[in-house]
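User: Hi! I'm new to this one and would love a quick tour. Could you put it up on the screen?

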Amino acid sequence: MLPVLLLQYTQNTGNPDFCFSILFRPEFEYSSGLFFQSKDHLFMSELLILGTAGGRHEYSLFGQPGGSGNSSALLNGTILFDIGPTILRALEIYNAEKSVKELLVTHSHWDHCDFDSIRKLAGLNPELCISANASVLQQLGDGFNTRLLVPGQSFSAQNCKFTALPANHAIRDFPDEEPLHYLCETPDGDFLYALDGAWMMTLAKRLLENHHLQAIVWDATCGDDNDWRMFEHNTPGMLLIMRDALREIGVIQDDTRLILSHLAKFQLWNPQAEQRMSDNGFEFAFDGMKISW
């Protein structure tokens, strides 16, 4: 981490461990930001997991014990990754439905890209910019603030830099669609949002080189190494191999958090498979999980 200038302002929050701080980082093109600081840790980026379920899930249980929403995450309260049918409600739960400035869509499957929800979110946030591949934007139609992405393309938004990576995931109804993952460079570290997808593609690996990831949110649809979905989703064995390969080139290091999401838990995961991954340093995401760095 490069040297920073920290100006600290403490107010009576009722918790003596926390204060507000302003952090200046010379390598980024902005002047200030608002962060939380604890006695032993300073972080400026927070990823809120809004849902963790795979497409084949009983979404009627969303909001109840044991239920889960569509896989999605919210970065720093303003940047939304994917928007399935449950996500507007999830944003409302966290009072964030009117704060989203950027929507990054990975692909057009219904559990990641609900067009009615996009239209409603755009109505709540006139400044909303929707970044996606050509297929998604064509299906969405005109009248929105959009950003067309192809694999390898980078852009900056909300004090972060994003690079679209190619994803190994089939879109049956739109076979020419290019699904995307996102490399996200925040002022305090980088992370990878990689839902949905199977084996990492060569271009994605090349674009990740020279990045030390603070976290990966990884497709973990399949709890069985022999499940046929391995051709477009990850199995435990695949995740272990990719982890070791990325560790070999320094993309994954000892402090990298490996978060598993898009879980087909009620069909494909079992306690033995979960224990195998936990023993190897992976964490299972849950609705409401917060990841900070």
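Analyst: Here is a short tour, one topic at a time. This is a predicted model, where local features need pLDDT of at least 70, side-chain atom pairs count only at pLDDT 80 or more, and totals for chains, interfaces and linings use all residues. Residues are numbered from 1 along each chain as its sequence is written, and side-chain values use heavy atoms, with hydrogens and water left out.

User: Great. How many helices and strands are there in the protein?

Analyst: The protein has 6 helices and 18 strands. Those are DSSP runs numbered from the N terminus, with helices (H or I) of at least four residues and strands (E) of at least two.

User: And what share of the residues is buried?

Analyst: Of the 293 residues in the protein, 53% are buried. Buried means under 20% relative accessible area, exposed means over 50%, and partly exposed is in between (1.4 Å probe, protein chains only).

User: What about contacts between residues far along the chain?

Analyst: Among contacts with a separation of 6 or more, 59% are between residues 24 or more positions apart. A contact here means heavy atoms within 4.5 Å.

User: Let's zoom in. Where is Thr256 found?

Analyst: Thr256 sits in the loop between helix H5 (236–248) and strand E16 (257–261). Its relative accessible area is 8%, so Thr256 is buried.

User: Which residues does Thr256 touch?

Analyst: Leaving out residues up to four places away in sequence, Thr256 touches His212, Leu213, Gln214, Ala215, Ile216 and Val251. There are polar contacts too (pairs of N or O atoms within 3.5 Å; within protein, one must be able to donate a hydrogen and the other to accept it, and residues adjacent in sequence count only if both atoms are side-chain atoms). The Thr256 side chain reaches the backbone oxygen of Leu213 at 2.7 Å, and a polar atom of that side chain lies 2.9 Å from the backbone nitrogen of Gln253.

User: Nice. Now His262: buried or exposed?

Analyst: His262 is buried, with a relative accessible area of 3%. This residue lies in the loop between E16 and H6. The C-alpha atoms of His262 and Ser72 are 8.8 Å apart, although 190 residues separate the two along the chain.

User: Which side chain is joined to that of His262 by a polar contact?

Analyst: That is Asp196, whose side chain makes a polar contact of 3.2 Å with the one of His262. Asp196 is in the loop between E14 and helix H4 (202–208). The peptide bond leading from Leu195 to Asp196 is cis, with omega near -15°.

User: Any odd backbone angles elsewhere?

Analyst: Asp82 is not a glycine, yet has a positive phi of about 70°. Asp82 lies in the loop between strand E7 (79–81) and helix H1 (87–93), and counts as buried at 0% relative accessibility. Asn210, also not a glycine, has a positive phi of about 75°. Asn210 is in the loop between H4 and strand E15 (213–219), and with a relative accessible area of 79% is exposed.

User: Switching topic: how many aromatic pairs are there?

Analyst: The count comes to 8 aromatic pairs. Rings of Phe, Tyr and Trp (its six-membered ring) pair if their centres lie within 6.5 Å; planes under 30 degrees apart count as stacked, over 60 as edge-to-face and the rest as tilted. Phe155 and Phe162 have ring centres 5.3 Å apart and planes at 25°, so this pair is stacked. Both Phe155 and Phe162 are buried.

User: Got an edge-to-face one to show me?

Analyst: Yes, Trp269 and Phe284 are edge-to-face, with 5.1 Å centre to centre and 85° between the planes. Trp269 is in the loop between E16 and H6 and Phe284 in strand E17 (residues 282–284), so the pair ties together parts that are 15 residues apart in sequence. Trp269 and Phe284 are both buried.

User: Which residues form the aromatic cluster?

Analyst: Phe81, Phe155, Phe162, Tyr182, Phe191, Tyr193 and Trp293 form one aromatic cluster.

User: Last stop: what happens at the start of helix H6?

Analyst: At the start of H6 (residues 271–279), a side-chain oxygen of Asn270 comes to within 3.0 Å of the backbone nitrogen of Gln272. Just after H6, Gly281 takes a positive phi of about 90°.
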